[in-house]
Amino acid sequence: MTLHKWCTNLSPTNAKEFPLDRNSEEIQVKESGHDLEQYASSKAYGAVVYMQTVSITEESNCQLLCSKSRVAPTKLVTIPRLELCACLLLSKLTRRVISALKMQIESVQLSSDSTIALAWINTPPNLLKTFVGNRVSQIQKLSKDFQ
């Protein structure tokens, strides 16, 4: 997957360029707040994994490890269901990252700002409709060791 653009909520005057080294080629990624309004959560969803490290001197450092996005299905799906799909994507991505790191992880915290998706995740899957129940069941299995 080729990285084309990094979008952020920073104003264009605060835009910064970050050099990335991928296979000895330097790629410039520019932060851009332009046209951010045209991207709505009804068209796509995603998940991001950060890692926070704390040194012996208790100096904290937080870095973006990876992210994954999906285009919403062409069939109309409600925003809460898409947010639930984002939670499932995060659960799967987190499992893959942890297994790839092969290091001791002290704690894992998953978060979402969707109160509906969080309520579904805290509900027994058999009480939910099929679409939601299947995804909640997967999320609960994948994130049983996480907060």
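**View 1. The start of the chain, residues 1–6, where pLDDT stays under 50.** For this stretch the predicted model still has eleven contacts beyond four places in sequence (contact: heavy atoms within 4.5 Å; pLDDT: the predictor's confidence in each residue, from 0 to 100). Residues are numbered from 1 along each chain as its sequence is written, and side-chain values use heavy atoms, with hydrogens and water left out. Because this is a predicted model, local features need pLDDT of at least 70 and side-chain atom pairs count only at pLDDT 80 or more, while totals for chains, interfaces and linings use all residues.

**View 2. Residues 15–32, another run with pLDDT under 50.** Here the model has 34 contacts beyond four places in sequence. Strand β3 (residues 25–32) has the lowest mean pLDDT among the elements, 43, and helix α3 (residues 130–142) has the highest, 94. Helices (H or I, at least four residues) and strands (E, at least two) are DSSP runs, numbered from the N terminus.

**View 3. The β4–β5 hairpin.** Strands β4 (residues 44–54) and β5 (residues 60–71) run antiparallel, joined by eleven bridges; two strands pair if DSSP finds at least two bridges between them. Look for alanine 47 in this pairing: its bridge partner in β5 is lysine 68. Five residues sit between the two strands, and in the turn glutamate 58 has a positive phi of about 65°.

**View 4. The whole chain, for orientation.** Starting at the N terminus, the elements go β-β-β-β-β-α-α-α, which comes to three helices and five strands. The chain averages a pLDDT of 79, and 72% of the residues score at least 70.
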